[in-house]
Amino acid sequence: MQSLCIYQAIFTMVKPNQLIDDDDLIRLFEIILLSILNSSNCDTLDVGYSIALFRAVNYWCIKLDEIVALNAAAESSSSVANLLSDQSGWFTKLMLFVWSHFNHNIDVIRASSLQNYKLMLKVASSVKGSHHVDRFYQDELEKCLSASWQMNAKFSVLICLLESGIKATRIIELNPQIACELINAITERSTACLVADLYSRLFK
């Protein structure tokens, strides 16, 4: 727990421009994330530690978003280019981490997973590059459509993908029965608003 608090403090104190201008800091930034993700594999995580871990990941994602925005507005940094390289392993590990917690039994962790997913979709073009980002979005869409409607996050993930540029016609093309499935997926009040939102975006 103490290490996670230290990581959060680092993310809070270090400014994006400091990271961009310092190769050692940007490398440390990546190492910290991998350390956090590796600690999530522990089977003995209690609730408090799990929440702290997700908050640390969320701090990291927010800082990454700031770095990408600043880097785009300024002269590209070689250290940031290395961090955002498609050959870097953190992006895949982080996406797997987020996906694996969409159905977590703790509300705040499910919400944090979705927030981090939105941030990852936002920076995906910087990581994957213009030539590969469409394939990435397509893979995410297919992964989402293959998931069960029992995963409530499926509604939100599809909405996120639509907001990221996936066309509604593409979703309908891949799953022609989605209108019926959405109606059948209304099993409780908590999903009704999400279903209505997604339906209106697909068939407006």
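This note walks through a predicted model of one protein, from its overall fold to its empty spaces and two of its residues.

1. **Confidence.** The model is predicted, so start with how far to trust each part. The average pLDDT of the protein is 83. A score of at least 70 is reached by 90% of the residues. Helix α1, residues 2-13, has the lowest confidence, with a mean of 72. Helix α10, residues 168-174, has the highest, at 94. Keep the value for α1 in mind when you reach point 4.

2. **Fold.** What is the secondary structure of the protein made of? It comes to twelve helices and zero strands. Read from the N terminus, the order of elements is therefore α-α-α-α-α-α-α-α-α-α-α-α. Two helices to find now are α4, which covers residues 47-73, and α7, which covers 107-128. Each holds a residue discussed below.

3. **Overall shape.** The C-alpha trace spans about 55 × 40 × 25 Å along its principal axes. The radius of gyration is 18 Å. A compact globule of 204 residues would have a value near 17 Å, so the protein agrees with that expectation. Of the 204 residues, 47% count as buried. Now take contacts between residues at least 6 apart in sequence. Of these, 70% join residues at least 24 apart.

4. **The cavity.** Rolling a probe the size of a water molecule over the atoms shows where empty space is left. How many cavities of 30 Å³ or more are there? The count comes to one. The largest cavity has a volume of about 60 Å³. Two elements, α1 and α3 (23-39), give two or more residues each to its lining. The largest share comes from α3, with four residues. The lining residues are I10, F11, V14, L19, L25, L28, F29 and I32. By class, that makes eight nonpolar residues, no polar ones and no charged ones. One caution: α1 is also the helix where confidence is lowest.

5. **The largest pocket.** This pocket has a volume of about 240 Å³. Which elements supply at least two residues of its lining? They are α7 (107-128), α9 (153-163) and α12 (189-202). Helix α7 gives the most, with four residues. The full lining is F102, N103, D107, R110, A111, L114, N152, A153, S156, S190, T191 and L194. By class there are five nonpolar, five polar and two charged residues.

6. **The second largest pocket.** About 170 Å³ of space lies here. The lining consists of F91, T92, M95, L96, K128, R135, F136, D139, E140 and K143. Helices α6 (90-99) and α8 (133-146) each give two or more of these residues. The largest share, five residues, comes from α8. By class the lining has four nonpolar, one polar and five charged residues. Set that beside the lining of the largest pocket, with its two charged residues, and the lining of the cavity, with none.

7. **L114, a pocket residue.** L114 sits in helix α7 and is part of the lining of the largest pocket. Is L114 buried or exposed? Its relative accessibility is 19%, and the limit for buried is under 20%, so L114 counts as buried. Leave aside neighbours within four places in sequence, and L114 is in contact with F102, S156, V157 and C160. Of these contacts, F102 and S156 also appear in the lining of the largest pocket. H101 is 13 residues from L114 along the chain, and their C-alpha atoms are separated by 9.1 Å.

8. **V68, a buried residue.** V68 lies in helix α4. Why does V68 count as buried? Its relative accessible area is 11%, which is under the 20% limit, so V68 is buried. Residues up to four places away in sequence are not counted in what follows. V68 then touches L84, V123 and S126. What about V68 and S112? They are 44 residues apart in sequence, and their C-alpha atoms are 20 Å apart in space.

Technical notes: Residues are numbered from 1 along each chain as its sequence is written. This is a predicted model: local features need pLDDT of at least 70, side-chain atom pairs count only at pLDDT 80 or more; totals for chains, interfaces and linings use all residues. Side-chain values use heavy atoms; hydrogens and water are left out. pLDDT is the predictor's confidence in each residue, from 0 to 100. On a 1 Å grid over the protein atoms alone, a cavity is a set of points where a 1.4 Å probe fits but cannot get out, and a pocket is an open set with protein on both sides within 12 Å along at least five of seven lines; lining residues have an atom within 4 Å of a point. Grid points are joined across faces, edges and corners, and a volume is the space filled by probe spheres set on the points. Ala, Val, Leu, Ile, Met, Phe, Trp, Tyr, Cys and Pro count as nonpolar, Asp, Glu, Lys and Arg as charged, and the others, Gly among them, as polar. Buried means under 20% relative accessible area, exposed over 50%, partly exposed in between (1.4 Å probe, protein chains only). Contact means heavy atoms within 4.5 Å. The radius of gyration is taken over C-alpha atoms; the globule rule is 2.2 Å times the number of residues to the power 0.38.
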